[in-house]
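Please look through the sequence and the model below, and then read on for an account of how the ligand is held and how charged side chains pair with one another.

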Amino acid sequence: MIRYAKPTTVDEALALLGEGAWRILAGGTDFYPAQGTKPFRDNVLDINGLAALRGIAETDDHFVIGARTTWTDVIRHPLPPAFDALKQAAREVGSPQIQNVASVAGNLCNASPAADGVPGLLVLDADVELRSVTATRHLLVSDFILGNRRTALQPGEMVTAIRVPKPSGTSAFVKLGARRYLVISIAMVAARLLVENGVVADAAVAVGSCSAVAKRLAGVETALRGLPVDDRLAAAAQSAPMSELSPIADVRGSAEYRLDAVREIVARVVLQASGQTSDHGMVAA
Ligand SMILES: Cc1cc2nc3c(=O)[nH]c(=O)nc-3n(C[C@H](O)[C@H](O)[C@H](O)COP(=O)(O)OP(=O)(O)OC[C@H]3O[C@@H](n4cnc5c(N)ncnc54)[C@H](O)[C@@H]3O)c2cc1C
């Protein structure tokens, strides 16, 4: 017999996870489309009763995004400018109806190459808190998402939070889609820059939808560090190596188009993060 449980405490949820195999249900916006009309064969652990996992808390050195925090919660919560990329990504996840129920953690656990939340979390050096009845561990987002629809989540574990080390700098995010709203990304880019005395002291740039897992672009980050904040930033970003990317061709765009588009978007996002433009989302030509 299949079980359905909706615990109200994290301890109760972890105890259930320790007893057998469950599929976790958060906002259901990936869960139900994946299920389609197939009959349920797995136990369902509904985490919507875990009020303790909803919202964003602050410790001395981290912002802690509870696993049941929605994209709307992220948009509404006062956060430093380094989170602007994540907030912009939040506004691009589906539509407001989706953002009101869908969780940040669900976006990570679903591990789609086109998950809009991932680049913004990568540039924040975020990690994922995984708990089981016996242990708690933390994995960087880049170590948590292993491939297309594959994560490091072990049986008996659930994601309880996403932790962001208190970040500095300013950030921006641009998503390229075939239309402006309710669209799966062709490519998306997040960038966070730390500018000191008019010079880029540190840079973090990440791209999604152009590899099985969203990637930080080390070559671009190196090219930007030490540059003065002026229009040379865009040229440096655009011509830097992007060897991490290996886009596929699909109905949304060819591999060559994605690579061309990404160079342009990286340049625009870097300018935006440095405060030089105020562009937002892009629509494919
Ligand atoms: C119409 C529509 C439009 C969409 N548009 C976009 C878009 O533009 N961009 C985008 O990135 N996504 C989009 N999505 C996908 C989806 O909304 C997001 O990925 C969302 O953040 C998923 O969160 P959720 O809470 O609904 O997860 P769920 O659907 O509940 O769960 C997703 C997966 O994560 C697992 N899971 C959830 N929480 C946990 C946890 N705490 N611990 C362990 N495993 C967990 C579930 O078992 C499941 O496998 C769209 C979906 C729909 C239906």
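In this predicted model, an N or O atom in the side chain of Asn 107 lies 2.9 Å from an oxygen atom of the ligand. Trp 71 also turns up beside the ligand, with an N or O atom of its side chain 3.1 Å from a ligand oxygen, whereas Gly 27 contributes through its backbone, where an N or O atom is 2.8 Å from an oxygen atom of the ligand. How much of the ligand does the protein bury? Taken alone the ligand exposes 990 Å², and the protein buries 84% of that area.

Which elements give two or more residues to the shell around the ligand? They are β2 (22-25), α6 (104-110) and β10 (158-165), and the largest share, 4 residues, comes from α6. Altogether 30 residues surround the ligand, and the closest are Ile 24, Thr 29, Asp 30, Phe 31 and Ser 103. Sorted by class, this shell is made up of 18 nonpolar, 8 polar and 4 charged residues.

The charged side chains can be followed next. Side chains of opposite charge can pair when their charged atoms come close. The structure holds 16 salt bridges, and the table gives three of them, with the distance between the N and O atoms.

| Salt bridge | N to O distance |
|---|---|
| Asp 73 and Arg 54 | 2.6 Å |
| Asp 127 and Arg 163 | 2.9 Å |
| Arg 268 and Glu 264 | 2.9 Å |

The side chains of Asp 73 and Arg 54 meet in a salt bridge. Because Asp 73 lies in helix α3 (residues 71-76) and Arg 54 in the loop between β3 and β4 (56-58), this pair ties together parts that are 19 residues apart in sequence. Arg 54 has a relative accessible area of 45%, and is therefore partly exposed.

Asp 127 forms a salt bridge with Arg 163. Asp 127 belongs to strand β6 (residues 127-131) and Arg 163 to strand β10, so the pair ties together parts that are 36 residues apart in sequence. Are these two residues buried or exposed? Both Asp 127 and Arg 163 are buried.

The pair formed by Arg 268 and Glu 264 sits within one helix, α11 (residues 255-273), and because the two residues are 4 apart there, about one helical turn separates them. Arg 268 is partly exposed, with a relative accessible area of 29%, and Glu 264, at 30% relative accessibility, counts as partly exposed as well.

Salt bridges also link several residues into a network, made up of Asp 125, Arg 192, Asp 202, Arg 216, Glu 221 and Arg 225. Within this network, the side chains of Glu 221 and Arg 216 are joined by a polar contact of 2.5 Å. Glu 221 is placed in helix α9 (residues 218-224), and its relative accessibility is 6%, under the 20% limit, which means that Glu 221 counts as buried.

The surface offers another kind of grouping. Ile 2, Tyr 32 and Phe 40 make a nonpolar surface patch of about 290 Å². Of these residues, Phe 40 is found in the loop between α2 (31-35) and β3 (43-46), and with a relative accessible area of 38% Phe 40 is partly exposed.

How values were computed:
Residues are numbered from 1 along each chain as its sequence is written. This is a predicted model: local features need pLDDT of at least 70, side-chain atom pairs count only at pLDDT 80 or more; totals for chains, interfaces and linings use all residues. Side-chain values use heavy atoms; hydrogens and water are left out. A residue is near a molecule or strand if one of its heavy atoms lies within 4 Å of it. A polar contact is a pair of N or O atoms within 3.5 Å; within protein, one must be able to donate a hydrogen and the other to accept it, and residues adjacent in sequence count only if both atoms are side-chain atoms. Accessible areas come from the Shrake-Rupley method with a 1.4 Å probe; for residues, only the protein chains shown count as cover. Ala, Val, Leu, Ile, Met, Phe, Trp, Tyr, Cys and Pro count as nonpolar, Asp, Glu, Lys and Arg as charged, and the others, Gly among them, as polar. Patches are made of residues with over 30% relative accessible area and no salt bridge: like charges are joined within 9 Å, nonpolar side chains (Val, Leu, Ile, Met, Phe, Trp, Tyr) within 5 Å. A salt bridge is a side-chain nitrogen of Lys or Arg within 4 Å of a carboxyl oxygen of Asp or Glu. Buried means under 20% relative accessible area, exposed over 50%, partly exposed in between (1.4 Å probe, protein chains only).
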